[in-house]
Amino acid sequence: MSQEKVDILQRALAREKAARKQAEKILESKAAELYEAKQKLEKSYTELEHLLSKTDSQLQGVFENIVDAYVIMDLFGNILKVNDPAVILLGFEEAKQDYNLLEMVKPNEMERVAESFQLLLEKGAITDFHVTIITNKREEKLVHINASIIYDNGAPVAAQGIVRDITKAKEEETKLIESESRLATLILNLDSGIILEDENGKIVLTNKKFCDLFKIKAEPTDLIGLDCKSASEQNKVLFKNPEGFLQRMQDINKENKVVIGDELEMIDGKTLERNYLPIITNNKLKGYLWSFTDVTLKKNYNKSLESEKLKYYNIISNMDLGLVEVDLEDRILMVNQCMVNMTGYSEEELLGIKGFDVLPIEEDSNLLKQKIKERRSGKTESYELRIKNKKGELRYWLVSGAPNYDIDGKVIGSIGINFDITEIKNLQLQKESLLKKLEKSNDELHEYAHIVSHDLKSPLRSINALITWIKEDNTGKLDDLSMQNLALVDTTLEKMEQLITDVLNYSSVGTDENEKVDVNLDEVINDLIKILYKPDHVTVEILNKLPTLKGDKTKLQQVFQNLISNAIKFIDKDKGFVKIKVEDAQTHYRFSIADNGMGIEKKYHNKIFKIFHALNKSKDSTGIGLSIVKKIVDLHEGEIWLESEPQKGTTFFFTLKK
């Protein structure tokens, strides 16, 4: 290494040693200053403790007797001393527990607390400071603080404060404000005019409805502070009796008693209801509350209601139905005049008695008791009841009973409407007797018809046998005229026998009525067409599917058989047809059987359904076939009619109930 480099290194080392010595001197100086500051701080702390110790005896009495929480803290927020209420408020286990009061402040209020603490240091005291804290038990509380600085020789050394828990008080205050707000809103929006005056007669509160009722062209807030007597003096002209309005107000104020339902008539025809309530607190009058309600509609409605009540009372009193009201024990509470007339008893005799003890006959007494029992359970029904009136006459009543309810929906008795059906009942009994006699007569007539039929056919068969014997015994001996006459007699006998059979069938329709069953007419009529005689030039056609309905299968088949046979019989065209169709007619089916036969003149349209009215005097026609058809259609609650033109054809229409 050269000498030059060695010199450089030596100079650098010398500078480094000089710098180190300078740093050590500075460090020794700072350490001495720090030690001196520490000594002063310890002395200050000792003096503070001495001061606290000195004043402790003075404050002890305050600590022991003060009701609110009392806290002493240093200027950094560390708690130095607390009393018992403070221990409870802050949630400590004991009074000497170390804690920093600033750490108990709710985080979102730290900035406001810092500003207030700075103000405390500047001014030496603060009052009415509210802050939310979180106690040692993690309870959130709103507290009220009055605090001041503790000085030592003019220098601030600590702070003291009285802390009061106002959480519940604040909640109650909030509720009270909300309640007052709701009450004010309610009053302002009531459908009654409200005016509240203080003990000096000055208006404290009113609402829009009051202004409207008294035609005051101002806002409710404009009336606050006005003298109530002066306002009444101005408004008296709105009433029919102005001086009476004022005098009544004075009397009410003088008596200081609650007034309800005081009516006032206004010159415009309205009626107001006035209520008055004196406000008394601790036996001292604090003001008056007046309310005014427009009851014009209510009053008119009540008048109308009374009128309607009177009208219906007159109707009830004079209607031809016996009205009775009874309690749960069947004691009669009210009867109308008709009920009095029906029973023969006076109203005084009926009221208070039990109906089932005097009115129903013995056989129906239990029935009435059962119906009363059912009425208690809310059942409503009608039933027949036999009673004896005061004269001992047997009468039949139709009773309609219903439970009677009070305003709470509880059954308190029943109301009965009674209709005297004695005359109707007697007619009904007579009718039943006549029907039994008629039924017996019909049975006898039907039996007689069978006997007559048998007795008439017997000689006819004998004559027919004789004619046959004559023809057999005189074969080849009788001339053509004689044989023709004998054939005519034979034909007449056949017609006579057919006539007797048809008469018997006609008389039997409706007497041997079978139980109605489901009849598939489509199957029945198709089978019928297969067995009916049809000439080659005549076709029988069913145009649409025939329905199934309730009825007597045999009789329904006879209807179609008679009408189709008649249609075929009277076809006089080279090509004939019979067409069957059905249509839906709501409760019935409407059938039609059309042909292109010789037709029927209009003057015979009604006659052909009567017995023995045959238009064609052929040997096959007895004049009963269509009469039987009509009778069967009638039994099935239907109708039959026809449309026809001579030489064009005929259509028979008939309906059958579904």
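1. Let's start at the β1–β2 hairpin of this predicted model. Strand β1 covers residues 69-74 and strand β2 covers residues 79-82; the two pair in the antiparallel sense, over three bridges. To find one place where they meet, look for Val 71: its bridge partner in β2 is Val 82. Four residues lie between the strands of this hairpin, and Gly 77 takes a positive phi near 95°.

2. Further along the chain, have a look at β13, β14 and β15. Strand β13 (residues 381-388) is joined to strand β14 (residues 394-405) by eight bridges, and the two run antiparallel. Within this pair, Arg 386 stands opposite Tyr 396 of β14. The hairpin made by β13 and β14 has five residues between its strands, with Gly 392 at a positive phi near 85°.

3. Strand β14 also has a second partner to follow. Nine bridges join β14 to β15 (residues 411-420), again with the strands running antiparallel. Here Leu 398 has Phe 419 in β15 as its bridge partner. β14 and β15 form a hairpin too, with five residues between them, and Gly 409 in the turn has a positive phi of about 85°.

4. Now for a sheet you can trace strand by strand. Which order do its five strands take? The open sheet reads β7-β6-β10-β9-β8, with antiparallel pairing. Its edge strands are β7 (203-206) and β8 (259-265), each of which pairs on one side only. From one strand to the next, the twist averages 20°.

5. Inside that sheet, β9 (residues 271-281) and β10 (residues 284-294) pair in the antiparallel sense over ten bridges. A handy residue to click on is Asn 275, whose bridge partner in β10 is Ser 291. Helix α8 (residues 242-255) packs on the sheet and touches β8, β9 and β10, and its direction makes about 25° with that of β9.

6. The aromatic side chains deserve a careful look. The count comes to twelve aromatic pairs. One of them joins Phe 210 and Phe 214: the pair is tilted, at 4.7 Å centre to centre, with 35° between the planes. Are these two rings' residues buried or exposed? Phe 210 counts as buried because its relative accessible area is 6%, under the 20% cut-off. Phe 214 is buried as well, with a relative accessible area of 3%.

7. A second pair makes a nice contrast to study. Phe 239 and Phe 245 are stacked, 4.2 Å centre to centre and with 15° between the planes. Phe 239 is buried, and so is Phe 245. Together with Phe 210, Phe 214 and Phe 292, they form one aromatic cluster.

8. Rings can also have a charged neighbour. The charged end of Lys 579 sits over the ring of Phe 577, at 4.7 Å from its centre. In another case, the ring of Tyr 589 has the charged end of Lys 658 over it, 5.1 Å from the ring centre.

9. Finally, step back to the whole protein. How many helices and strands does it have? There are 18 helices and 22 strands. Of the 658 residues, 34% are buried. Among contacts between residues at least 6 apart in sequence, 51% join residues at least 24 apart. The accessible surface comes to about 42300 Å², and 53% of it belongs to carbon and sulfur atoms.

Key:
Residues numbered from 1 in each chain as written. Predicted model: local features only at pLDDT ≥ 70, side-chain atom pairs only at ≥ 80, totals over all residues. Heavy atoms only, no water. Pairing = 2+ DSSP bridges. Axes fitted to C-alpha atoms, helices over the stretch in contact; angles between N-to-C directions. Contact = heavy atoms within 4.5 Å. Phe/Tyr/Trp six-rings, centres within 6.5 Å; stacked < 30°, edge-to-face > 60°. Buried < 20%, exposed > 50% of the residue type's maximum accessible area, 1.4 Å probe, protein only. Lys NZ or Arg CZ within 6 Å of the ring centre and 35° of its normal. Areas by Shrake-Rupley, 256 points an atom, 1.4 Å probe, with all protein chains shown as cover.
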